[in-house]
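User: Please take a close look at the aromatic rings in this structure. Then follow the thread into whatever surrounds them.

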Amino acid sequence: MTAPAVAAASVTAAILADLLSGEHRGVVVDSPPGAGKSTLVVRAALELAGSGQPLMIVAQTNEQVDDLILRLAPDLAVIRPEARIGRLSRAGFVAPARLGALANVVVGSGLPDLGDPLVTIATAAKWAHVRDRTWPWAIVDEAYQMRSDALLTLAPRFERALFVGDPGQLDPFSTVENDRWRGLLWDPMQSAVSVLLRNNPSVPVHRLPVSWRLPYSAQDVVASAFYPYTGFRTGTGPGERELTFAASALGRTPADEVLAVAAESGWGLLELPARHTMRTDASAVQAVADVTTRLLQRGAVARSGSSSGPVGPDRIAVGAAHRDQVAAIRAALGPVPVTVDTANRLQGREYEVTVFLHPLSGRRDATAFHLEAGRLCVLASRHRQACVVVARAGIRDLLDAHPSSAPVHLGDPVKFPDGWAANQTMMAHLENHRVRG
């Protein structure tokens with residue numbers, strides 16, 4: 001079998017060859033979680049900027065914009081010391097401190113404020129207000145998060161583009177019902193990539209083959225649940241990563257037991273008694289807080305290959321489906337300074353250990369929102385070492401009682417993977433790593 005690094009390098013070379021050949025107006029790159037989307041975006045930007053061609057980069061959130069600038073600016077300063085990166089932002093925007101030391105970055109609310117930089121970066125929402133200029137190249141990061149109507153707005157701004165994203169994660173979000181557009185080729189609620197490919201079937205599509213983030217223990221279950229037709233492999237093999245604790249557990253609480261299971265297998269399910277609850281289930285919220293607190297108290301240490309280091313608060317994330325659940329968990333954690341957020345806001349980020357409250361825990365029904373495969377995929381694919389899930393018993397019974405029954409619309413492409421099947425696959429796996437709370 002080809003080594004992961006060799007396989008990834010081969011695909012990257014093919015992507016850059018298609019991009020720079022001039023034969024295609026667009027190139028699409030699909031990626032599993034942690035396969036190096038941002039690395040590819042930076043590599044492609046440097047290739048284009050290195051030849052002196054102006055470039056626009058489109059991201060979906062301000063955090064993604066700043067992350068890309070932080071990675072791109074030092075390398076651009078090496079290959080083209082005179083070049084500048086323009087950070088296009090809203091009026092009154094104050095650049096975060098982490099960008100302050102980058103001498104080749106200019107921040108402004110309009111193109112005239114930037115002084116004609118070689119690379120201009122902004123969110124899709126900000127690019128929608130740019131008029132009367134075109135760029136020879138564009139790179140769209142997290143393109144599956146972008147609605148097709150946003151792409152239609154931006155299309156006049158560039159001649160050729162690279163679209164990079166993860167098809168298994170969350171679809172674009174909208175508060176507007178979209179039944180009136182279902183089945184239309186230009187459905188504005190579909191992702192930019194989906195509509196692009198439906199209308200331009202000759203656009204080349206590449207797939208990054210290796211997840212460098214996920215541990216080997218996550219390879220089979222994440223691939224089968226969320227990427228059943230393409231799959232992927234992890235960059236590490238069995239035993240190359242390890243989670244240990246500096247302090248032993250005294251008393252062996254359920255939180256300690258599930259952490260022990262997760263450290264050994266990469267997964268842990270802390271299952272509370274079956275019960276229908278309100279969304280901010282106090283017992284489940286406290287269980288999430290207890291697991292997270294014990295993880296820090298016991299001094300978790302993560303090893304990857306020959307290097308190891310402590311798992312500090314900045315390397316732990318806690319996820320939930322709803323903002324009120326996030327607020328309840330944050331209150332239960334008190335001063336513990338870990339990241340707590342919804343799946344939508346955790347998308348694209350990476351941690352050593354994650355803990356999340358299952359979207360279907362304690363529910364009486366299984367709505368489309370809670371069955372969304374992309375939401376569960378995000379929550380279950382942020383970790384490098386281990387993932388702990390907190391849920392009330394009965395989720396598989398709930399799934400059996402609410403089989404997938406979404407209406408079928410003529411001309412509407414079927415979304416894969418199916419959320420009902422993805423949840424069943426994940427729960428079947430997690431039940432092998434269960435600790436009763």
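Analyst: What follows starts with the ring pairs, then turns to the charges over rings, a sheet, an annotated span and the cysteines.

This is a predicted model. How many aromatic pairs does it hold? The count comes to 2. The pair of Trp127 and Trp135 is edge-to-face. Their centres are 5.2 Å apart, and the planes meet at 80 degrees. That angle is edge-to-face because the class starts over 60 degrees. Neither ring pair should be read from distance alone: a pair of aromatic rings is described by the distance of the centres and the angle of the planes.

Are these two tryptophans buried or exposed? Trp127 is buried, at 0% relative accessibility. Trp135 is buried too, with a relative accessible area of 0%. The cut-off for buried is under 20%, so both values qualify.

The other pair is Tyr227 with Phe232. Here the ring centres lie 5.7 Å apart. The planes stand at 85 degrees, so this pair is edge-to-face as well. Tyr227 has a relative accessible area of 5% and is buried. Phe232 is buried at 10%.

Back to Trp135 for its place in the fold. Trp135 lies in strand β6, which spans residues 135–140. Where does the chain come back to it? The C-alpha atom of Arg157 is 6.1 Å from that of Trp135, although 22 residues separate the two along the chain.

Next come the charges over rings. Arg298 places its charged end over the ring of Phe245, 4.4 Å from the ring centre. Arg375 does likewise with Phe369, at 3.7 Å from the centre. A charge counts as over a ring if the CZ atom of Arg is within 6 Å of the centre and within 35 degrees of the ring normal.

Phe245 leads to a sheet. Strand β11 covers residues 241–245. It belongs to an open sheet of 3 strands, in the order β11-β13-β14, with antiparallel pairing. Which strands form the edges? They are β11 and β14 (307–310), and each pairs on one side only. From one strand to the next, the twist averages 20 degrees. Strand β13 runs over residues 300–304 and pairs with β14 in the antiparallel sense, through 4 bridges. Within this pairing, Ala302 has Gly309 of β14 as its bridge partner.

One annotated span takes in residues 282–392. An unreviewed UniProt entry labels it "domain: DNA2/NAM7 helicase-like C-terminal". In the model, this span is 38% helix and 32% strand. Its end C-alpha atoms lie 12 Å apart.

Finally, the cysteines. How many disulfides does a search of the whole structure find? The search finds 0. Cys377 is in no disulfide, and the nearest cysteine sulfur, that of Cys387, is 11 Å away. Why is there no bond for Cys387? Its sulfur is 11 Å from the closest cysteine sulfur, in Cys377, which is too far for a bond. A disulfide needs the sulfur atoms within 2.5 Å. Cys377 counts as buried, at 0% relative accessibility. Cys387 is buried at 0% as well.

Conventions. Residues numbered from 1 in each chain as written. Predicted model: local features only at pLDDT ≥ 70, side-chain atom pairs only at ≥ 80, totals over all residues. Heavy atoms only, no water. Phe/Tyr/Trp six-rings, centres within 6.5 Å; stacked < 30°, edge-to-face > 60°. Buried < 20%, exposed > 50% of the residue type's maximum accessible area, 1.4 Å probe, protein only. Pairing = 2+ DSSP bridges. Helix = DSSP H or I, 4+ residues; strand = E, 2+ residues; numbered from the N terminus. Axes fitted to C-alpha atoms, helices over the stretch in contact; angles between N-to-C directions. UniProt positions renumbered as here; feature names shortened; annotations may be inferred.
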